[in-house]
Amino acid sequence: MSKTAVVTGGSHNIGQGIAIVLAEQGYDVAITYNSRKEGAEETRAAIEKLGRKCFVYQASLQFPTVPQEVMDNAHRDLGHIDLLVCNAANPSARGSVLTATPEFVDGIYNTNFRNYILCAGAAARYMVADKIAGCIIFITSSRAEMAYPDDYLYGGFKAGIKRATESMALDLSAYNIRVNCVAPGATWVPRPGQEDRLKSPFVTESIPLHRVGNPRENGEVVAFLASEKASYITGISVRVDGGLILPGMLEGHDKIPWVRQEWKDSVYNEAMEMVKTHNEELNQ
Ligand SMILES: NC(=O)c1ccc[n+]([C@@H]2O[C@H](COP(=O)([O-])OP(=O)(O)OC[C@H]3O[C@@H](n4cnc5c(N)ncnc54)[C@H](OP(=O)(O)O)[C@@H]3O)[C@@H](O)[C@H]2O)c1
């Protein structure tokens, strides 16, 4: 019986890298995409070239019934689910709490937190029903462990998933299901014309290993955590970030750049506009 994996958000970057590495390691794979069908088809072609099966589903995982539908489809097509990798999320969900709105907060919660939990629950039910000692792996971020000023929601929810992983690892240990996190740092494949970004001081000086990560490096760690080699590992988070968050507290006499001035100015203006509109509504 082939090993099987579901990878959410397999149409681009990290999810695509994970899906292809898993196929190389003998998995048949089901992937989801949100809007980039061509990216999902690129992943499918790469996986089929390796002689493995690949099923592709459009899935907008911010909606509450979609995670269950994805696992139903994957279970039907793959026959069983050995591994779930929750990767699909909105990676650019930044902002200041000064400009928080219910719509923004709900949107990020639905896409980056609830989606992961509902996917995990639906996949775990199939694993338990099929008596499969499966694996669930959440793609979080090094931002789960380090605070940035524009990051109260994205980083906050990633931290929430890291902590939820520990409870799920305890909960699902009763069925020999292991639950872990992989936490990428700056990871991207530059698009044509963007190669200069790889030479920026952020990359060459701020990242201890002097380069950004690539999607495959996350895939290799996912494959290891899902394998028998990691059979005694549950409830942990593995950083794949080139040491990005290690520096921690800055030393020396440089001013600590908590908040960039231009960002502060734009947030301040937007927040004061919100205050003005709110006051006008109160006075009507
Ligand atoms: N790249 C980084 O530097 C970095 C660093 C730390 C952590 N991460 C984490 O790694 C994961 C992947 O990031 P990435 O950079 O590879 O992101 P990406 O290139 O933007 O790809 C995101 C994937 O998720 C899917 N997706 C986005 N919103 C969705 C939604 N509402 N419903 C269903 N699918 C949705 C996208 O589908 P479509 O392509 O079809 O729209 C795509 O397949 C995320 O969890 C992110 O938070 C990334």
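**Note on a predicted model**

1. A nonpolar patch of about 400 Å² lies on the surface, made by Leu-250, Ile-256, Trp-258 and Val-259. The model is predicted, and the points below should be read with that in mind. Within the patch, Trp-258 sits in the loop between strand 7 (237–240) and helix 8 (261–283). Is Trp-258 buried or exposed? Trp-258 is exposed, because its relative accessible area is 63% and the cut-off for exposed is over 50%.

2. How many aromatic pairs does the structure hold? There are 4 aromatic pairs. One of them joins Phe-113 and Phe-157, whose rings are 5.7 Å apart from centre to centre, with 40° between the planes, and this pair is tilted. Phe-113 belongs to helix 4 (residues 102–129) and Phe-157 to helix 5 (residues 154–172), so the pair ties together parts that are 44 residues apart in sequence.

3. Both members of that tilted pair can be checked for burial. Phe-113 has a relative accessible area of 19%, and Phe-157 has 17%. The cut-off for buried is under 20%, so Phe-113 counts as buried, and Phe-157 counts as buried too.

4. Another pair is made by Tyr-116 and Phe-138. The ring centres of Tyr-116 and Phe-138 are 5.7 Å apart and the planes are at 15°, so the pair is stacked. The label follows because planes under 30 degrees apart count as stacked. Tyr-116 is in helix 4 and Phe-138 is in strand 5 (residues 135–139), 22 residues apart, and the pair links these distant parts of the chain. Tyr-116 counts as buried, at 0% relative accessibility. Phe-138 also counts as buried, at 0%.

5. Ring pairs also build a cluster. Which residues are linked in it? The cluster consists of Tyr-109, Phe-113 and Phe-157. Phe-113 and Phe-157 are the tilted pair described in point 2.

6. Two arginines place a charged end over a tyrosine ring. For Arg-94 the ring is that of Tyr-154, and the charged end is 5.5 Å from the ring centre. For Arg-143 the ring is that of Tyr-148, with the charged end 4.4 Å from the centre.

7. What does the side chain of His-75 contact? The side chain of His-75 makes a polar contact with the side chain of Asp-130, at 2.7 Å. His-75 is in helix 3 (residues 66–78). His-75 is buried, because its relative accessible area is 18% and buried means under 20%.

8. A second polar atom pair involves Asn-180, which lies in strand 6. A polar atom of the Asn-180 side chain lies 3.1 Å from the backbone oxygen of Ile-233. Asn-180 counts as buried, at 0% relative accessibility.

9. Two residues deserve a look at their backbone angles. Lys-131 has a phi near 55°, a positive value in a residue other than glycine. Lys-131 is in the loop between helix 4 and strand 5 and is exposed, with a relative accessible area of 77%. Asn-176 is not a glycine either, and its phi is positive, about 60°. Asn-176 is found in the loop between helix 5 and strand 6 (178–184). At 55% relative accessibility, Asn-176 counts as exposed.

10. Sequence separation and distance in space can be set side by side for two residue pairs. Val-6 and Leu-78 are 72 residues apart in sequence, and their C-alpha atoms are 9.1 Å apart in space. Val-6 lies in strand 1 (residues 3–7) and is buried, with a relative accessible area of 1%. Val-212 and Ala-271 are 59 residues apart along the chain, and their C-alpha atoms are separated by 34 Å. Val-212 is in the loop between helix 6 (201–206) and helix 7 (215–226). Although Val-212 is in a loop, Val-212 counts as buried, at 8% relative accessibility.

Conventions. Residues are numbered from 1 along each chain as its sequence is written. This is a predicted model: local features need pLDDT of at least 70, side-chain atom pairs count only at pLDDT 80 or more; totals for chains, interfaces and linings use all residues. Side-chain values use heavy atoms; hydrogens and water are left out. Patches are made of residues with over 30% relative accessible area and no salt bridge: like charges are joined within 9 Å, nonpolar side chains (Val, Leu, Ile, Met, Phe, Trp, Tyr) within 5 Å. Accessible areas come from the Shrake-Rupley method with a 1.4 Å probe; for residues, only the protein chains shown count as cover. A salt bridge is a side-chain nitrogen of Lys or Arg within 4 Å of a carboxyl oxygen of Asp or Glu. Helices (H or I, at least four residues) and strands (E, at least two) are DSSP runs, numbered from the N terminus. Buried means under 20% relative accessible area, exposed over 50%, partly exposed in between (1.4 Å probe, protein chains only). Rings of Phe, Tyr and Trp (its six-membered ring) pair if their centres lie within 6.5 Å; planes under 30 degrees apart count as stacked, over 60 as edge-to-face and the rest as tilted. A charge sits over a ring if NZ of Lys or CZ of Arg is within 6 Å of the ring centre and within 35 degrees of the ring normal. A polar contact is a pair of N or O atoms within 3.5 Å; within protein, one must be able to donate a hydrogen and the other to accept it, and residues adjacent in sequence count only if both atoms are side-chain atoms.
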